[in-house]
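New to this one? Take a moment to look it over, then read on for a short tour.

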Amino acid sequence: MRQAPALLALFLAGASVASAEPQLAAFVTDQNKDVYIALFEGKAVELAGCASPGQAKRLLHLPDTATVSQTTLAKVQAENGFGAQPRLPCLGTAFDIDWPATTAIWADVEASGNYYLPSPSGSGYFAVPTACAEIKAALAIRERLQLPGVLQGFVTPPSVGTPFVLDCGRGDLVGPLDLAVPSVARWSLHRFETFLSADSIGDTVYVVRYTPPGEGAQPSYLPIVRLDGRATRDIIVDAAAAEAVEKKLRAFFGIAEAEAVTLLGADAVSALRSAPFVDLCLSNCDGYQREHAAFVQPGIDLGLSPLPAGPSISSLDPLGNARLDWTFAEGRSLSFTGCPLLTSALGLSAPGIGDWMGETDRALTAAPPPATGFDCRGSASDTCVRRINDGGTLTLTQFSAEGDCAGRVNLRLELPAAVQVPQTLVLKGLQFQTVHMAPAPGVARTRLVGNANRVPAGTSSCILSATGVIIVADGLPRLELERIDLARAADQTTDEVVAVIAQNGTVALDNVTIGTVADGLSPVARGVSLCLADLYARGLRVEADMLAIQGVRARLLISAQAPARSTIVRARFGAVLTSESLMRVDFTDVAAANPLVLRGAIVAGRSDSFAATATGLAIGSAIQLERGSSANFTTSTVSGFRCAVSFADSGSSASFLLPGNDIARDNTSRACGPGRFSLVE
C-alpha cells in the first residue's frame, strides 16, 4: 500500500456520536499485508478479510470518495483498543468468526431500528442498524434468525445500556468493484438549467438519469417538465414543495434518500435537447391530460413544442422482458423495459404482442440504440434483496415474502461463489412476481450444487412418475438465473434427475450452465422441462445424459451474443418439443444423438449447428418432424447423420436457407420421409 504523507489524527482521536458514520483506517503488517479497520467513536473494529479499500467501503456502505487514513498497529492498539472488539467479516470471510451462528439476537426493528447481539466477551451489546444491509449480510443476520432459539423477541434486550453501534454510511455505492464483474444499473435524480421557450430567461427542471450496467455505458435522460399538473420549474423555486417532490420522485424511481440532487452540466445538454420533456402523473391521474413536449429541431429550436400522441408498441428483449417502445418524434424513440409503473405515469400503453415468433426475431435483431433505454427491473422501491454468505445454503426460507420482503413484488438473491441446495426447491405459491438469483457483487459466477429429492407424479404435466428435481417453479411468473452453474451433487443413486422444471410461468437463463460431470458431480438426466411455460436463454450451456430441453405447449427463445454461442451437448435428445410448442434458436450448437425432435411444434433458427455425437458412423436424424411440424433455418449447418431431416408425415416441412455446409455431402441423405424439404443456396 502506498503510504500517505501524514496520519489523519482526527480518525484516531476525538469521539463522535453513535449515529455518525464510521471512518476508515489501515495499517500494513510485517508480512506486507493491508489490514483495514473501521473507527466507531474512536474504537477500532477490524474488517476481516477486506483485500482493498473498495471492499471495506462497500461493507460499511461508504461512498467511493471516502478517505482511508494510514496508521500503525501499535497506534491503534494503544489509542483505539484494536483487538478488543469483535471483527466484521468482509466478502469471502466466514460470518461466524467471532459471533457463533446460534448467538442470541433481539430484533427491535420498529422502535430503535436495530438488531442487538451480546458482546462475545459477555459484557454489553452490539447494535446493527437495519439500514446497514452490507453489515447485516456479512454477519448473516437473516440466516441466523432462521435457526431455532436465535430470535429473542422484537424488543431491545434487558439492561441493554449503551450499545456499541456498528453503524454504516448512507451514501450510494457508486465506486467500481474490485473484481471484473458487470457493474450494476443505477437511477439518479438531478436538476437541469435550460430555456423552455424563446421568451424564457432561464428555467430549471428535474431530470431522472438512468445509467445502464457496463463499462462506459451511455446514460439515458428523462427530463420532467410537469409533475401532477404543475410545472417543475415552479416547484423547484418553492423549497418546501421541492423537498416533498424530490422525496416522491426518489421513492418512485427507487433512488436512495441520501443521494444528493445534483445539477447536470454541459455534457448532458445534447442528450437532453434530443429527449422528450415529459409530463408525469403519479397520483390522482383519472382523466389527467398529459402535455409532453420536445425540441422538434434539437440544435435549432429556441423552445419546446407540444408532442402529439406518438405510437407505442409492445415488444420483448432477448430474455423475454416486456418492453414498450415509444416513438415521440420522427427518428426519435425511447424504450422502457419492465417499467409498467413508469409507462403508466407517462400515459403510454400499447396492445399486447400478437405474433410471438415474429417478435422474437425482432428482439434479437432490433436492440434499442444506446442512450434511449430505461430498465426498471429490480429497482430499490419494489425489490427485496437477500444475500447468502460463504458457507450458507439455499433453502425455501430465503424465498419467504415475510419480514424485510413484506410488500415487495420482486426478490433478488445474491449468492456466493459456491452454494449448496440441500433439498429440492419447490417454488410454488410464492408472492413474488420475479425471483432473480445471481452472484453477489464482487463474485464472477456462482456454482449452485443441488441435492435432488423425488417429487411425486402430478407435480408438473411433464412428470409422469416420481422424479428427482433440483428446482421446480410452478406458477411463478418469472424465475431468473444469471451467471450460475447449476449442478447435481455427487451421490450413489442412479435416479433420473431433472435440473429445472417450470410450469405456468417463465424461466430466464442469462449466461447459465446446467449439468456437468466435472469435479465429481453427478450428471443430470434432463436439463430443463417446460409445461405451459416459456424459456428465454442467452449464453446457455446444457449437459444432460438423456434430454437437454423438453417443451410441452411451451415457447422457447435461445440465443447468444457473438462470438459466444449457446451449446447443448452430450444428450441423447437435444430438444423435444410437442403440443404446438414454438421455438426460436439463434447462434446455438447442438451435439446430440437426436438434436431436435418436433411433434406438432414450430421452430425457426439462424446460424445454428447440428452435429452427431458418434463419429465415423452416420446414424439417426438431426431434425425429426411429425404431426404437422415445421422447421426453418438460415445460415445453419447439419453434419454426421444418416438423414439431415426426417419426416413422419406429409404435413411436416423443413427448409434451409443459405446453409453453412454441404448438407448432401456431410450427411448420408438430405431428407427422409414424406414431408416437404427445401434447400435454397
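What follows is a walk through some rings, a helix, the nonpolar cores and a few unusual spots in this predicted model.

## Aromatic rings

Let's start with the rings. The structure holds 17 aromatic pairs. In one of them, Y210 and F374 have ring centres 6.3 Å apart and planes at 45 degrees; an angle between 30 and 60 degrees is neither stacked nor edge-to-face, so this pair is tilted. Y210 belongs to strand β12 (residues 203–211) and F374 to strand β22 (residues 373–375), so the pair ties together parts that sit 164 residues apart in sequence. Both Y210 and F374 are buried.

F252 and F253 make another aromatic pair, this time edge-to-face, with 5.0 Å from centre to centre and 80 degrees between the planes. F252 is partly exposed, at a relative accessible area of 24%, whereas F253 comes in at 5% and counts as buried. Both pairs feed into a cluster: ring pairs link W187, Y210, F252, F253, F336 and F374. Elsewhere, a charge meets a ring, with R273 lying over the face of F295 at 4.0 Å from the ring centre.

## Helix α7

F253 takes us to helix α7, which covers residues 239–253. How far should its 15 residues span at 1.5 Å a residue? The expected figure is 21 Å, and the end C-alpha atoms of α7 are indeed 21 Å apart, so the two agree.

The helix has a clear inside and outside. Buried in α7 are A241, A242, V245, E246, L249, R250 and F253. Looking down the axis, you'd find these buried residues within an arc of 165 degrees, so they line one face of the helix. The face turned away from that buried side carries the exposed residues A240, E243, K247 and A251. Just after α7 comes G254, with a positive phi of about 70 degrees.

## Nonpolar cores

Here's a bit of background: in soluble globular proteins, nonpolar side chains tend to be buried together. In this model, the largest nonpolar core has 73 residues, and L394, M437, L509 and I623 have the most contacts inside it. Take L509 as a sample: setting aside neighbours within four places in sequence, L509 touches L319, L481, I514, V528, L535, Y536, A537, R538 and L540.

Apart from that core lies another, of 33 residues. W187, L189, Y206 and V245 are among its members. Two of those names may ring a bell: W187 is also part of the ring cluster, and V245 is one of the buried residues of α7.

## Loops worth a look

Which residues that aren't glycine have a positive phi? R483 is one, at about 50 degrees, and S579 is another, with phi near 55 degrees. R483 lies in the loop between β31 (478–482) and β32 (484–488), while S579 is in the loop between β41 (566–578) and β42 (582–586). Are they buried or exposed? R483 is buried, with a relative accessible area of 11%, but S579 is partly exposed, at 34%.

One last stop is G391, in the loop between β23 (383–387) and β24 (410–415). Its relative accessibility is 73%, so G391 counts as exposed. The C-alpha atoms of G391 and G92 are separated by 9.4 Å, with the two residues 299 apart along the chain.

Terms used: Residues are numbered from 1 along each chain as its sequence is written. Side-chain values use heavy atoms; hydrogens and water are left out. Rings of Phe, Tyr and Trp (its six-membered ring) pair if their centres lie within 6.5 Å; planes under 30 degrees apart count as stacked, over 60 as edge-to-face and the rest as tilted. Helices (H or I, at least four residues) and strands (E, at least two) are DSSP runs, numbered from the N terminus. Buried means under 20% relative accessible area, exposed over 50%, partly exposed in between (1.4 Å probe, protein chains only). A charge sits over a ring if NZ of Lys or CZ of Arg is within 6 Å of the ring centre and within 35 degrees of the ring normal. The expected span of a helix is 1.5 Å times one less than its number of residues. The arc is that of the directions from the helix axis to the C-beta atoms. A nonpolar core is a set of buried Ala, Val, Leu, Ile, Met, Phe, Trp, Tyr and Cys residues joined through side-chain atoms within 4.5 Å. Contact means heavy atoms within 4.5 Å.
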